[in-house]
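Here are a few exercises to work through with the model open in your viewer. Try each task before reading its solution.

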Amino acid sequence: MSTLTHAAQDSMSMVGRNLRHTLRSPDTMIMTFVIPVSILLMFVYVFGGAMNVGGSYIDYVVPGILLLCAGFGSGGTAVTVATDMHTGIVDRFRAMAVSRTSVLTGHVIESVLRNLITTGLVIAVAVAIGFRPTTDPLRWLAVAGVIALFVLALSWLAAAAGALVANPEAANGFMFFFMFLPYVSSAFVPVHTLPSWLRGFAEHQPVTSIAETVRGLLMDTPVGDSAPTALAWCVGIAVAGYLAAGLLFGRRSNA
């Protein structure tokens with residue numbers, strides 16, 4: 001059996017292991033399914049009446065909610081990776097000749113699958129309460145691709161965070177900055193409504209271009225330069241997270 005085939009099989013085994021842990025963890029299930037829907041309902045029904053975005057607020061805010069939920073979901077990956085590092089299960093995997101890369105890959109793939117399911121749930125609830133996307137099947141596929149790439153990027157970054165910190169509690173705090181980014185972007189309000197000293201950061205941080213791309217695809221409006229910018233951010237973050245996670249995991253597992 002080739003090394004690549006062996007690594008792929010080990011990675012799928014790790015995905016199955018992580019999915020089972022998710023299904024058996026009430027806290028993870030709440031973070032995965034209940035909190036995203038609660039956030040959607042809060043923004044639509046609590047804040048929506050005060051927001052003026054030149055149209056239906058629910059149509060404007062759903063893309064931002066999807067990205068915010070991706071941040072919450074990916075943050076959980078940092079905790080699970082840190083837990084594996086902290087409890088010593090990685091040493092047992094090494095004794096079993098499990099491919100070293102499969103441990104992190106399993107966490108990342110499980111995170112992508114879990115977050116895509118959450119995305120589908122949030123969209124279904126949004127449609128039920130008034131969200132009306134005006135798009136076609138091809139653009140729906142593009143939306144799925146952008147969100148999957150964004151989750152992949154955050155998941156590798158979270159895996160690096162989990163391999164870096166000393167305990168699971170610190171891992172959750174480490175990812176807080178990235179979960180906060182959607183609030184300082186065009187995810188929930190137009191950037192031009194922000195104070196001038198904050199507007200520059202909001203315009204040039206990754207979530208704004210990704211939110212504008214997803215919003216344009218869902219509402220069948222021009223995405224302009226936001227699409228290539230969003231893809232560049234996602235690929236850049238994914239590559240940086242992948243390299244950092246591999247380096248940190250190798251150092252910790254060899255310590």
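The exercises go from the whole chain to one surface patch.

Ground rules: this is a predicted model, where local features need pLDDT of at least 70, side-chain atom pairs count only at pLDDT 80 or more, and totals for chains, interfaces and linings use all residues. Residues are numbered from 1 along each chain as its sequence is written, and side-chain values use heavy atoms, leaving out hydrogens and water.

**Exercise 1.** Work out the secondary structure of the protein chain and its compactness.

*Solution.*
- Count the DSSP runs (helices: H or I, at least four residues; strands: E, at least two): you get 11 helices and 0 strands.
- The radius of gyration, taken over C-alpha atoms, is 19 Å, close to the 18 Å from the globule rule for 255 residues, so the chain is as compact as a globular protein of that length. That rule is 2.2 Å times the number of residues to the power 0.38.
- The C-alpha box along the principal axes is roughly 60 × 40 × 35 Å.

**Exercise 2.** Find what share of the 255 residues is buried.

*Solution.*
- Apply the cut-off: buried is under 20% relative accessible area, exposed over 50%, partly exposed in between (1.4 Å probe, protein chains only).
- Buried residues come to 49% of the 255.

**Exercise 3.** Place Val-46 and say whether it is buried or exposed.

*Solution.*
- Val-46 sits in helix H2, residues 26–47.
- Its relative accessible area is 56%, so Val-46 is exposed.
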